Amino acid sequence: MNRRDLIAAAGACAALPSMVGAARGQPVPIGEPVRASVSFRVNGAGHHLELDTRTTLLDALREHLKLTGTKKGCDHGQCGACTVLVDGQRINSCLTLAVMNQGSEVTTIEGLGSVDNLHPMQAAFVKHDGFQCGYCTPGQICSAVAVLDEIKAGIPSHVSADLEGAMAVSEAELRERMSGNICRCGAYSNIVEAMTDVAGRQG
Amino acid sequence: MRAFTYEKAASPAEAATAAARNAEAKFVAGGTNLLDLMKLQIETPTHLIDVNGLGLDTIEATPEGGLRIGAMVRNTALAADARVRRDYAVLSRALLAGASGQLRNRATTAGNLLQRTRCPYFYDTAQPCNKRQPGSGCSALGGFSRQLGVVGTSDSCIATHPSDMAVAMRVLDATVETVKPDASTRSIPLAGLHRLPGSTPHLETALEPGELITAVTLPKPAGGRHIYRKVRDRASYAFALISVAAVIQRDGRGKVALGGVAPKPWRVEAAEAELPRGAKAAAKAMFAGARPTDENAFKLPLVERTLAAVLAEARG
Ligand SMILES: Cc1cc2nc3c(=O)[nH]c(=O)nc-3n(C[C@H](O)[C@H](O)[C@H](O)COP(=O)(O)OP(=O)(O)OC[C@H]3O[C@@H](n4cnc5c(N)ncnc54)[C@H](O)[C@@H]3O)c2cc1C
Ligand code: SF4
Ligand code: FES
Ligand code: FES
């Protein structure tokens with residue numbers, strides 16, 4: 001019998017108010033923190049960390065490695081601010097545990113380019129005004145870089161008319177593929193322009 | 001989040017055995033649903049068994065001419081597989097209509113099937129919910145129920161199963177393969193994987209404690225036009241209000257399953273005989289016994305019209 005069953009059983013034989021009480025709040029004993037070690041590479045450098053198992057990759061990057069370029073918007077996979085590349089693929093770093101990424105190669109916005117040597121996508125975001133406050137921007141740029149790779153790799157999208165044909169870099173494709181990155185400032189159309197610019201130069 | 005111990009399983013059988021040892025253990029695959037729910041303390045495992053190292057990540061041809069999809073194949077990889085795009089296009093389309101590029105890169109075949117409902121009260125731990133807290137009541141009945149189920153529901157729970165992929169797999173007659181803690185294996189038709197809520201909405205699947213999904217198999221291609229049409233509140237990155245997965249043959253016969261309307265992918269084989277007669281008759285048969293709320297009764301005509309559009313597209 002687990003905790004839920006216990007509470008349910010208690011609720012079933014108790015008066016209504018306590019039953020409602022059990023359903024609310026649900027204080028759970030949090031338990032003793034458990035630590036585990038994990039090694040992965042971030043932006044080319046190896047790291048070995050001893051972490052609480054609950055630590056997400058996002059928190060490991062921000063709080064432990066002090067790579068604060070990657071942002072926490074929602075912490076629930078709903079906004080894309082935490083997008084990083086893991087082994088070349090874009091993912092939400094808030095919905096993966098650090099310990100699940102043993103041996104991975106992580107690339108964050110800091111690893112894409114530097115102030116003196118911007119990644120073409122970073123430069124294009126600046127040129128096309130692809131942001132206002134900038135909070136969503138690291139996630140947008142990581143996502144944008146991966147989107148162009150996904151199109152090149154022939155991965156279809158919801159708006160691809162032909163599942164089997166070559167994938168185009170159209171505005172509709174870019175908008176659909178970028179839908180996992182929310183921008184509260186509404187910089188969307190300039191982001192599409194920045195991506196189109198980079199895709200054009202990549203040929 | 002509640003503290004938990006963590007292990008990486010070395011083989012499917014070991015993963016199942018480890019899960020059976022601890023009633024509070026959970027498998028973690030992509031983590032995109034489980035970790036979300038753990039942060040909210042809706043799921044509170046004290047032990048996580050990471051199944052990412054198990055392999056189970058290939059798509060292979062079966063001797064019967066179908067496909068065997070490993071449980072750990074990511075949603076992106078499955079949607080982009082050349083054989084799936086050619087022979088099971090409804091599956092590619094359903095996958096691509098779900099979640100976002102980032103989520104699909106991590107979400108797995110098994111995890112997608114076993115993702116939990118998006119009922120807003122299930123997510124709100126301050127509200128009674130029979131699924132989350134058996135016996136506490138259902139806040140959705142008499143609450144905001146616009147997104148919730150209209151058929152297959154019960155007086156205890158009207159939640160829907162939120163997966164797009166599962167609806168396509170249902171129309172494709174998929175089968176789920178599993179391994180149990182005693183190392184025995186079995187096959188479960190997808191139709192039998194998810195349970196209807198009845199008076200026990202917290203029991204969601206036919207899986208036994210510790211039972212691990214290892215693969216999903218598809219029978220050999222059935223031909224026909226493959227269509228997945230999802231209707232939602234915004235054009236992308238939103239769960240379905242309703243969806244229609246269909247495989248329609250030239251002569252108008254075919255198969256149809258619905259998403260967003262029931263606690264499981266909703267398919268009524270007997271209703272498919274009505275398809276050549278049009279959407280109205282087929283939808284009526286699929287919704288026999290439906291019990292919509294005032295807020296979600298719109299789903300019935302919405303399905304009928306969407307099905308009509310799908311049938312027209314299949315003819316055109
Ligand atoms: C913002 C957002 C939007 C989304 N939109 C959509 C959408 O529009 N359509 C849609 O269909 N989905 C959508 N999703 C849900 C997404 O598809 C699921 O989260 C994902 O498919 C779950 O897969 P996973 O591998 O990450 O599962 P996990 O989170 O790792 O696991 C889910 C469950 O499955 C169990 N499990 C995992 N693998 C196995 C196995 N091999 N055997 C037995 N049990 C196993 C776990 O224990 C857990 O209970 C969305 C998610 C988010 C966060
Ligand atoms: S519909 Fe189901 S999941 Fe939603 S509140 Fe009611 S019991 Fe909970
Ligand atoms: S912080 Fe990860 S998606 Fe919002
Ligand atoms: S630039 Fe402000 S949220 Fe996107």
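These notes cover the interface of chain A and chain B, Asp75(A), and the surroundings of ligand 2.

1. This is a predicted model, in which local features need pLDDT of at least 70 and side-chain atom pairs count only at pLDDT 80 or more, while totals for chains, interfaces and linings use all residues. Residues are numbered from 1 along each chain as its sequence is written, chains are lettered from A and ligands numbered from 1 in the order in which they are written, and side-chain values use heavy atoms, with hydrogens and water left out.

2. Chain A and chain B bury about 4,600 Å² between them, 52% of it on carbon and sulfur atoms (accessible area, 1.4 Å probe, lost on being put together and summed over both parts). In contact (heavy atoms within 4.5 Å) are 58 residues of chain A and 53 of chain B.

3. The rule finds one salt bridge across this interface (a side-chain nitrogen of Lys or Arg within 4 Å of a carboxyl oxygen of Asp or Glu). Lys39(B) and Asp75(A) form a salt bridge through their side chains, at 2.8 Å from N to O.

4. Asp75(A) is buried, at 18% relative accessible area (buried is under 20%, with a 1.4 Å probe and protein chains only). Leaving aside residues up to four places away in sequence, Asp75(A) touches Leu58(A), Cys94(A), Leu95(A) and Lys39(B).

5. Around ligand 2 there are 13 residues, of which Cys119(B), Cys129(B), Cys138(B), Cys157(B) and Ile158(B) come nearest (near: a heavy atom within 4 Å).

Key. Buried means under 20% relative accessible area, exposed over 50%, partly exposed in between (1.4 Å probe, protein chains only). Buried area is the accessible area (1.4 Å probe) that two parts lose on being put together, summed over both.
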